[in-house]
Amino acid sequence: MAWSHLQVLSMLDAAKTQFYHFTAVVISGMGFFTDSYDLFCISLVTKLLGRIYYHVEGSAKPGSLPPNVAAAVNGVALCGTLAGQLFFGWLGDKLGRKGAYGITLMLMVGCSIGSGLSFGSSPTSVIATLCFFRFWLGFGIGGDYPLSATIMSEYANKKTRGAFIAAVFAMQGFGILAGGMVAIVVSSIFRAVYHADPYSVDPIGSTVPQADYVWRIILMFGAAPAALTFYSRMKMPETPRYTALVAKDQNKACQDMAKVLNVEMKEQQQVAHAQPQNNRSSKFALFSKKFLRRHGLHLLGTASTWFLLDIAYYSQNLFQKDIFSAVGWLPSASSMSALDELYKIARAQTLIALCGTVPGYWVTVFLIDHIGRFAIQLIGFFFMTAFMFLLAIPYHHWTRPENNIGFIVIYGLTFFFANFGPNSTTFVVPAEIFPARFRSTCHGISAAAGKAGAIIGAFGFLYASQNQDKSKTDPGYPPGIGMRNSLILLGMTSILGFFFTFLVPESKGKSLEEMSRENEDEGDDQVQPNRVEVTV
């Protein structure tokens, strides 16, 4: 990279916030809106799926998904997400950020629709088809993590970069909120048109045949926001940093920067070989000794904190309905019809999203460039731990009906500090601290570590939270360690996350080249630069 490249990139760092920055947030953010909607709406409909496809004649309780089916339905999209993060992270560094960006959106749109069209002649075939589409849906969702974060980080200036990356991720909160609201609206319409008695009154009639349309509509709605932004996403230019640092095309980088930042850039002089052929300092490979010496601990820090966070975060998010039922905030399943149960689960999750999840994301957006990523992550892990123990240690106190409101308030605060904390910062930091040619790959590795934690949370919590008394477990499940001990375990993972945060550097107010030390590499390779004239 010639010094003129550094000039171009320094102008990106110093550029004023432009309309394009906000456009990029919306275009990239709608991908995350869809991501979170698709990943978390499944938790709203699993009880409905159990009632429709796994009803047991003569049972005192409504049908529920068998343990292996529940684990597959909840976890298969996470497995796909992990694979997609690794693959598209690598592809984003090989083909460019833009080259891989449209593929992820097409997968999300197609597989959201496919999930809702999961038909079959038996419950097994319906669930198998659903799992197939949700794996590939997750694969597309996984690609959005490294690509969206990297694109936003490479366009933003260094003063507001954290806020813009966090704003992209904050669209997750609106996706979670939208999932609950769509479920409320759809279930309310069907409840009004197709009345049903509670299960205890009419076990068969409590699940109307039309309920089979409800979960399909909810899942398919996730395709809409992604489809609306497809054209805009395909029109986005490649990031100037990728073009200059990885593709080594300075002229194209200047053109792209001029296009999106409303500046006129003129090349005054062309140098045939601006990039030295013997530049060894910047040629080290991923996982080489030099990479590990410079960035090994950083990668361990970003991957481990994301892994530990997602164990707790996805356990809480995917199984909110079970936690609400355990403390008595939701009525017993047998006292409701299938659509009543869906409506009340969706209402409870929407309330938590509105009061805890969404505000946490946006407090991060407003404060991240003022107090820094490191401080926010420590604060988040600390209070997640504190509130988790506050719920777990006096757990039996919270199960009394008069204390339900207190439980929900503290439970909502754990979500607030997850999002005003590590759930946001673990997404932001990997997009800032690694060299451009590895940036998407390293973000994908960090995110995949997070999804490994999510898979452990999704599968592990399902079994661990079962009652220790076998007579009180859900049908088909072995005894677990109980809800109280499960919450204690989640609190302990947050403690570990707090300490692993000390491996992650602070990137507030620093350029990407300063954080990745690419500016040091290029200092050894001075050549006569192209002169770049800028007119605003």
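For sorting cavity linings by class, Ala, Val, Leu, Ile, Met, Phe, Trp, Tyr, Cys and Pro count as nonpolar, Asp, Glu, Lys and Arg as charged, and the others, Gly among them, as polar. With that in hand, here's a quick look at the enclosed spaces in this predicted model. Searching the whole structure turns up four cavities of 30 Å³ or more, and the two covered here are the largest and the second largest.

**Largest cavity**
- Its volume comes to about 60 Å³.
- Around the largest cavity you'll find Tyr37, Phe40, Cys41, Leu44, Ile176, Gly179, Gly180, Gln320, Gln349 and Thr350.
- Three helices, α2 (19-53), α6 (161-193) and α14 (338-371), each put at least two residues into this lining.
- α2 gives the largest share, with four residues.
- The lining of the largest cavity splits into five nonpolar and five polar residues, with no charged ones.

**Second largest cavity**
- This one holds about 40 Å³ of space.
- Its lining is made up of Tyr145, Phe169, Gln172, Trp306, Asp310, Tyr313, Tyr314, Asn423 and Lys451.
- α6 and α12 (289-318) are the elements that contribute two or more residues to the lining of the second largest cavity.
- Here the largest share, four residues, belongs to α12.
- By class, the lining of the second largest cavity has five nonpolar, two polar and two charged residues.

**Side by side**
- α6 helps line both spaces, giving at least two residues to the largest cavity and two or more to the second largest.
- Charged residues are absent from the lining of the largest cavity, whereas the second largest cavity has two.

Note on methods: Residues are numbered from 1 along each chain as its sequence is written. This is a predicted model: local features need pLDDT of at least 70, side-chain atom pairs count only at pLDDT 80 or more; totals for chains, interfaces and linings use all residues. Side-chain values use heavy atoms; hydrogens and water are left out. On a 1 Å grid over the protein atoms alone, a cavity is a set of points where a 1.4 Å probe fits but cannot get out, and a pocket is an open set with protein on both sides within 12 Å along at least five of seven lines; lining residues have an atom within 4 Å of a point. Grid points are joined across faces, edges and corners, and a volume is the space filled by probe spheres set on the points.
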